[in-house]
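Biologist: I am new to this structure and would welcome a close look at a single part of it. Please begin with the largest pocket and follow the element that contributes most to it.

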Amino acid sequence: MADIETSTPTAVSGVEIALDRVTKRYPDQSDPAVDEVSMTIPAGEIVVLVGPSGCGKTTTMRMINRLIEPTSGTVTIGGRDAAAIDADELRRGIGYSIQQAGLFPHLTVAKNIATVPGLLGWDRKRTAARTDEMLSLVGLDPDIYRDRYPRQLSGGQQQRVGVARALAADPPVLLMDEPFGAVDPITRALLQDELLRLQSELGKTIVFVTHDFGEAVKLGDRIAVLGDRSRILQYDTPAAILAAPADDTVAGFVGATATIDRLGLAVLGDLDLDRGVTAGPDTTPADLAAALRTADRSWGIVVDDAHKPLRRITTGELAHADSLTGLGTPIPATLPAEATLQDALAVLLTDRTASAVVVGTAGAYSGVVTVDTLIAHLAATETASA
């Protein structure tokens with residue numbers, strides 16, 4: 001769909017999608033599968049369709065690229081009526097990523113990614129360059145992965161290739177049908193993070209289908225909670241839905257994990273982090289001990305000349321030390337500023353100090369997240385929504 005015009009800012013490469021009373025009826029069913037759905041999906045946003053199995057969310061999404069033809073109603077993409085665009089042209093201009101990647105097993109990774117560019121008539125040199133660019137974009141080394149076959153990849157790697165293939169022709173719109181549903185929870189979280197990173201760089205319009213409300217909260221700029229026949233029960237930002245579910249059905253779908261999900265909306269870089277007590281390589285144990293006493297802290301963090309966190313040192317370890325060199329416990333992992341309080345919670349539960357170290361640009365120390373940080377944030381959120 002290269003001829004779709006867009007007047008959006010350069011940071012946004014996606015286009016607006018509008019559904020107007022879109023309906024799907026099947027001949028052998030008395031009730032419509034999707035009944036007069038109307039919604040506007042803003043350019044450059046991730047909109048998540050979430051609802052129980054069988055509610056029609058996948059059918060609704062597939063009517064956008066006409067893998068399922070609407071019975072009635074109108075879908076417009078970038079101001080153009082999708083029904084007026086040749087179906088093959090339409091689909092070549094919309095990226096599509098599904099569960100278990102849907103890769104062609106007999107084709108190499110490179111040939112899978114090159115599928116749509118090949119259909120568009122790109123020359124070999126341009127296609128090869130784009131393939132390597134896409135592999136790098138999704139965190140796979142082209143030299144290692146371009147000639148492998150799908151069976152030689154892990155589930156997470158296959159999903160990355162699936163996303164790379166969907167983005168290969170630089171479409172303004174990406175449709176994702178439960179793309180991470182078949183991988184383990186840890187890989188799923190990594191893929192979600194990768195999608196958010198890609199979106200921050202590319203600014204596509206993404207329609208994402210899931211039955212997992214936690215995933216919807218993490219990924220969505222907006223969430224459409226769907227009931228039977230894709231009836232929209234609530235369409236709003238994650239924060240608004242968590243704070244004020246539209247009805248009991250939405251509240252039940254949000255469920256008991258709403259508090260944890262709310263933590264997923266708080267980005268660490270936006271919070272007033274506890275700076276703790278830090279010491280440089282040349283700080284003496286006596287000076288660090290004095291600083292800890294003044295701050296009423298039991299431990300501090302040693303940073304290097306670039307202010308990157310190295311080790312955590314307790315007051316007990318300082319008692320008879322002559323130097324900070326090699327003293328303390330190495331910090332096993334840090335959290336980036338773009339991580340959320342929900343990400344931090346997982347670290348807090350496994351760290352003996354119940355704290356997580358946050359780093360910013362170039363890995364420089366930004367502060368620490370503690371249990372008190374979580375409690376204060378949740379209290380403030382509850383007060384704001386009261």
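**The largest pocket and helix H8**

Modeller: In this predicted model, the largest pocket holds about 1100 Å³ of space. Its lining comprises 39 residues, and those closest to the centre of the pocket are Asp193, Leu196, Lys218, Thr340 and Asp343. The elements that give two or more residues to this lining are H8, H9, strand E15 (335–336) and helix H15 (341–348). Helix H8 supplies the largest share of the lining, eleven residues, and is therefore the part described here in detail.

Helix H8 spans residues 185–202, 18 residues in total. From its first C-alpha to its last, H8 reaches 25 Å, close to the 26 Å expected at 1.5 Å a residue. After H8 comes glycine 203, which has a positive phi, near 65 degrees.

Which residues of H8 are buried? They are Arg188, Leu191, Gln192, Glu194, Leu195, Leu198 and Gln199. These residues lie on the same side of H8, because they cover an arc of only 165 degrees around the axis. Ile186 and Ser200, on the other side of H8, are exposed. The cover over the buried residues of H8 comes from several parts of the chain, including strand E3 (46–50), helix H5 (124–137) and helix H7 (155–167). Strand E7 (173–177), strand E8 (205–210) and helix H9 (213–219) are also among the covering elements. Helix H9 thus appears in two roles: among the elements that cover H8, and among those that line the largest pocket.

Helix H8 also takes part in the lining of an enclosed space. A search of the whole structure finds two cavities of 30 Å³ or more, and the largest cavity has a volume of about 60 Å³. The lining of that cavity consists of Val138, Gln159, Arg160, Val163, Met176, Phe180, Leu191, Glu194, Leu195 and Leu198. H7 and H8 are the elements that give two or more residues to it. The most comes from H8, with four residues. Leu191, Glu194, Leu195 and Leu198 are named both among the buried residues of H8 and in the lining of this cavity.

One of the elements covering H8, strand E3, leads onward to neighbouring strands. E3 pairs with strand E9 in the parallel sense over four bridges, and leucine 49 has alanine 224 of E9 as its bridge partner. Strand E9 (residues 222–226) is itself mostly covered, with four of its five residues buried. E9 also pairs with strand E10 (residues 232–236), here in the antiparallel sense and again over four bridges. In that pairing, leucine 226 has isoleucine 232 of E10 as its bridge partner. Five residues lie between the two strands of this hairpin, and arginine 229 takes a positive phi near 60 degrees.

To draw the account together, H8 gives eleven residues to the lining of the largest pocket and four to that of the largest cavity. Its buried residues share one side of the helix, as they cover an arc of only 165 degrees, while Ile186 and Ser200 are exposed on the other.

Methods:
Residues are numbered from 1 along each chain as its sequence is written. This is a predicted model: local features need pLDDT of at least 70, side-chain atom pairs count only at pLDDT 80 or more; totals for chains, interfaces and linings use all residues. Side-chain values use heavy atoms; hydrogens and water are left out. The expected span of a helix is 1.5 Å times one less than its number of residues. Buried means under 20% relative accessible area, exposed over 50%, partly exposed in between (1.4 Å probe, protein chains only). The arc is that of the directions from the helix axis to the C-beta atoms. Contact means heavy atoms within 4.5 Å. Two strands pair if DSSP finds at least two bridges between them. On a 1 Å grid over the protein atoms alone, a cavity is a set of points where a 1.4 Å probe fits but cannot get out, and a pocket is an open set with protein on both sides within 12 Å along at least five of seven lines; lining residues have an atom within 4 Å of a point. Grid points are joined across faces, edges and corners, and a volume is the space filled by probe spheres set on the points.
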